[in-house]
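Colleague: I'm new to this one and would love a friendly tour. Could you show me what we are looking at?

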Amino acid sequence: MDQGTQKKSRYGMLIDLDRCNGCGACMVACAVEHNVAPAEHKATARTGVTWLRVAPMSNGGEFPATDTIYVPMPCQQCEKDTPCVAVCPQNAVDVDPATGIVGQVPQRCLGCRYCMTACPYHARYFDWWDPQWPKGMEQALNPDVAPRMRGVVEKCNFCHARLHTARTKAAAEGRESINPADYVPACVEVCPSKAIVFGDLEDATSELAQAVKHPHVFRFLEKLGTESKVYYRSDKQWVLDKAKSLQTV
Amino acid sequence: MDKQFIPRGLRRTTFGKFMAWMIPWILVLGFGLYAIYLCLAEGLFHTNMDNRFAFGLWIYLDLTVIALGAGAFFTGFLLYILRREEARAVINSAVVLGLICYSGAVAVLMVDVGQPLRAWFTFWHPNTHSMLTEVTFCLTAYLTVLLIEYVPIVLKNRKLRQIPRFLVFEFQLHKIMPVLAGVGTFLSFFHQGSLGGLYGVLQGRPFAFREALGIWPSTFFLFVLSAAAAGPSFVLVMTALVQGISKKKLVKPEVLQFLGRISGSLLLVYILVKAIDTLVWMNYTSPMVGFSAFEFYNAGSFGTWILVLEVVVLGLVPALLLVNGHMRARPLVLLGAALMTCCGVMLNRFVMTIQTLALPTLPFDAVLSYMPSWEEVATFVAVLAYGVLLYSLSFRYLTLFPQEKDIRQS
């Protein structure tokens, strides 16, 4: 259905950290959308599969000066020298030149985890267990997304299945381009505080392209030069300082 | 009962004693195979690796044994390419050690990956930009070379020599040995380097990332040099160990001193290049991406002591001891310095694999810790047991040290 979109896009995201309250609805919506199996009882925060991880970041101050924000961290969709793409030995990771989305092919993945080692954002997840759903729950699986097997790496792809659906709809209606309203990732759709803006960075008129121009917008690990397409915004000075200083805790 | 298989002129222990030595190792191997079965059949959740510590003990083991196994290619290079006859006294032993190291590493890699049955995908859909592709290609090719180099050693067994076809085959194989040594050196050069490049290219891991020289990061050349330096030392240490366990003199002292001298000279060059590389990284590469080099050394328990230990205590000190003729002439100093050289390279591989992953990159991350599970340790120990078993069998039934017979008769 690639004929549905002729124009080159660069999909991106802006997450307003001052709006995010860390509720985790985006994580749940993401897991449901992508058929992520319920976590094994032995799974930990470091072995579970969460295509979108919400991590707390604190200013490290003493009470009452302490402050904490929550950072949703999906795949940052790096554009330049994408760290995971170059390292994969069998081309199971690629960047779609038509959309800028970094894709993962689980059916080709060897499970060597070199891409996870290469990713500075820790946004890649390995299937340590066989995916298993409680009896009956498999009937609620999303038919547009293939579940992954044990022993492969998976990650956020900006709900690529929704892009396919939007393209199919556009083609059926005789349009060359998709309607931006038809392609909204699950995390964006579900966020109760509207903290995430999604759109096409190539489209100068889009809300996203306008919003990323704000001086309080930044990207994590910008100096690494990966040109990620997930932007963050905060009006809190300590957040801006911390994100730019790269000081680790 | 197995006397007709033991090479003529060599004295070996009784079959009963030999089996008493082998059985505990067979049990250890069996235990490790059970752990491997759990990981393959049920999944890698049996390990303590996770999404953040995606590489663990096994990758460390792979990088270490392959560095130490470089003794095989370097001894072959010394003997067949540089025509240094001193190396003939240990070439067979070095080939067996290399075979053990490389086959052990490949076996562990097969357990380490999530979908081992897809290993052939790397040959079918290769990403030519990936260092891991280069490692896979060269490792597979060099393991094949080592197997071919091992065959004539096996065919020299006094019982097998009675079969005329084997004798002819062995003679023909010997004729192509210099070619195999050349191919082995070429392949080893690339995969040792690519293993270093594996980490050096990680722009997302500023602790490991290094400047490129041509298309390769500096770690490519550092790994080649360090492996070439550690290889002869490992052969030296193993020869001394086998002499100690078997209570037999297997090579003349000059051979060990020769290995020590080669190892020391290469180690000195390596330490010089490593020092330059570290200074460039501290003052240019790391600050360029926003990290102060000492920030890494202040994180967790990884102080600057680890750098001093690696470069000075286990690098410069053994290098100076090994290049000094008087010091080298003392057997204990020679052995100690060779052992320190091996430990230095093992520490370097630890720093590259474990410390790199432990250090945080994001501003809200903390230093990570990782402790291998019993299944990971058992797999590690199984490789050790496999090595002991294959080497013991080779030592008993094959001629690993050609000088042994002459030394015994004299």
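Modeller: Here is a short round of questions and answers on a predicted model.

Colleague: Let's begin with helix H4 of chain A, residues 160-172; how far apart are its end C-alpha atoms?

Modeller: Helix H4 of chain A has 13 residues. At 1.5 Å a residue, those should span 18 Å. The expected span agrees with the model, where the end C-alpha atoms are apart by 18 Å.

Colleague: Which residues of H4(A) are buried, and against which strand do they pack?

Modeller: The buried residues of H4(A) are A:His160, A:Arg162, A:Leu163, A:Ala166, A:Arg167 and A:Ala170. They cover an arc of only 150° around the axis, so they lie on the same side of H4(A). The strand that these buried residues pack against, also in chain A, is E5 (102-104).

Colleague: What phi does A:Gly174 take?

Modeller: Look just after H4(A) to find A:Gly174. Its phi is positive, at about 75°.

Colleague: In which loop is A:Pro64 found?

Modeller: A good landmark is the peptide bond from A:Phe63 to A:Pro64, which is cis with omega near 10°. As for the place, A:Pro64 is in chain A, in the loop between strand E2 (53-58) and strand E3 (68-73).

Colleague: Is A:Asn35 buried, exposed or partly exposed?

Modeller: You will find A:Asn35 in the loop between helix H1 (25-33) and E2 of chain A. This residue has a positive phi of about 55° although it is not a glycine. Within 10 Å there are 18 other C-beta atoms, and buried would take 20 or more. That makes A:Asn35 partly exposed.

Colleague: And A:Glu227, is that buried, exposed or partly exposed?

Modeller: A:Glu227 sits in chain A, in the loop between strand E9 (217-218) and strand E10 (230-233). Its phi is positive too, near 50°, in a residue other than glycine. With 15 C-beta neighbours inside 10 Å, A:Glu227 counts as partly exposed.

Colleague: Over to chain B: how do H10(B) and H12(B) lie, parallel, antiparallel, perpendicular or oblique?

Modeller: Helix H10 (residues 253-288) and helix H12 (residues 305-323) of chain B pack with their axes 8 Å apart, at an angle of about 140°. Roughly antiparallel would need an angle over 145 degrees. H10(B) is therefore, relative to H12(B), oblique.

Colleague: Which residues of H12(B) meet H10(B)?

Modeller: The crossing of these two helices, H10(B) and H12(B), is left-handed. From H10(B), the residues involved include B:Gly260, B:Leu267 and B:Ile271. On the H12(B) side they are B:Val311, B:Gly315, B:Leu316, B:Pro318, B:Ala319, B:Leu322 and B:Val323.

Methods. Residues are numbered from 1 along each chain as its sequence is written. Chains are lettered from A and ligands numbered from 1 in the order in which they are written. This is a predicted model: local features need pLDDT of at least 70, side-chain atom pairs count only at pLDDT 80 or more; totals for chains, interfaces and linings use all residues. Helices (H or I, at least four residues) and strands (E, at least two) are DSSP runs, numbered from the N terminus. The expected span of a helix is 1.5 Å times one less than its number of residues. A residue is buried if 20 or more other C-beta atoms lie within 10 Å of its own, exposed if 12 or fewer, and partly exposed in between; C-beta atoms are placed from the backbone. The arc is that of the directions from the helix axis to the C-beta atoms. Two residues are in contact if their C-beta atoms, placed from the backbone, lie within 7 Å. Axes are lines fitted to C-alpha atoms, for helices over the stretch in contact, and angles run from 0 to 180 degrees between N-to-C directions. Angles under 35 degrees count as roughly parallel, over 145 as roughly antiparallel, 65 to 115 as roughly perpendicular and the rest as oblique. A crossing is left-handed if the near helix is turned anticlockwise from the far one by less than a right angle, and right-handed if clockwise.
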